Amino acid sequence: MGFLDTLKGIFSGGGGGGGSRSTSDGFFFYLRCPSSHPIHVWVNRGHDLARDYDGAGGFTLTKHIVCPTCYKKSIAQLNFDDRYRETSREIENGQYIDEAEYDAAQPKGTADYKRTQSARATRWPS
Ligand SMILES: [Zn+2]
């Protein structure tokens with residue numbers, strides 16, 4: 001199994017806690033802001049994941065997310081092992097949802113909704 005095949009397998013199902021659409025560059029995760037607006041966040045695997053030198057190895061991802069609808073902030077943290085397999089996730093001021101729930105929450109007939117409503121997310125200031 002090649003490296004990319006491995007990555008596809010990681011995020012394409014199972015894993016609990018929510019499905020993720022993924023490519024070789026990264027993947028989406030989904031959440032609701034404190035006001036329950038559905039938000040999707042793109043994670044660039046090359047730029048967003050940081051080596052976790054303090055913990056047991058692997059990678060961590062911390063995203064500050066500003067809801068594009070109500071501007072409330074959420075802070076998401078996902079943890080991965082050395083092979084980019086998600087090991088745990090936490091969130092402040094929000095709640096994780098899966099892709100199916102996100103899609104179901106979109107208004108009908110707005111195919112561009114996902115592109116126009118991308119959450120503005122920034123890296124944790126270091
Ligand atoms: Zn909101």
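**Reading strand β5 and the core beside it**

Guide: A good place to enter this predicted model is a single pairing, in which N79 has S88 of β6 as its bridge partner. Because the model is predicted, local features need pLDDT of at least 70 and side-chain atom pairs count only at pLDDT 80 or more, while totals for chains, interfaces and linings use all residues. Residues are numbered from 1 along each chain as its sequence is written.

Visitor: How many bridges join β5 to strand β6, and which way do they run?

Guide: Strands are DSSP runs of E with at least two residues, helices are runs of H or I with at least four, and both are numbered from the N terminus; two strands pair if DSSP finds at least two bridges between them. Here six bridges join β5 to β6 (residues 86-92), and the two run antiparallel. Five residues lie between the strands of this hairpin, where Y84 takes a positive phi near 65°.

Visitor: What joins β5 to β4?

Guide: Eight bridges do, again with an antiparallel course, and in one of the pairings K63 has A76 of β5 as its bridge partner. This hairpin has six residues between its strands, with Y71 in the turn at a positive phi of about 65°.

Visitor: Which residues of β5 lie on its covered face, and which on its uncovered one?

Guide: In a regular strand the side chains alternate between the two faces of the sheet. In β5 the covered face holds S74, A76, L78 and F80, whereas K73, I75, Q77 and N79 make up the uncovered one.

Visitor: Which elements give two or more residues to the largest nonpolar core?

Guide: A nonpolar core is a set of buried Ala, Val, Leu, Ile, Met, Phe, Trp, Tyr and Cys residues joined through C-beta atoms within 7 Å; a residue is buried if 20 or more other C-beta atoms lie within 10 Å of its own, exposed if 12 or fewer, and partly exposed in between, with C-beta atoms placed from the backbone. The largest such core has 17 residues, and F29, L31 and I39 have the most contacts inside it. The elements giving two or more residues are β1 (26-32), β2 (38-44), β4 (59-66) and β5 (73-80), with β1 giving the most, four residues. Two residues are in contact if these C-beta atoms lie within 7 Å; beyond four places in sequence, the contacts of L31 include I39, I65, S74 and A76.

Visitor: Why does T87 count as partly exposed?

Guide: T87, in strand β6, falls in that class because it has 14 C-beta neighbours inside 10 Å.
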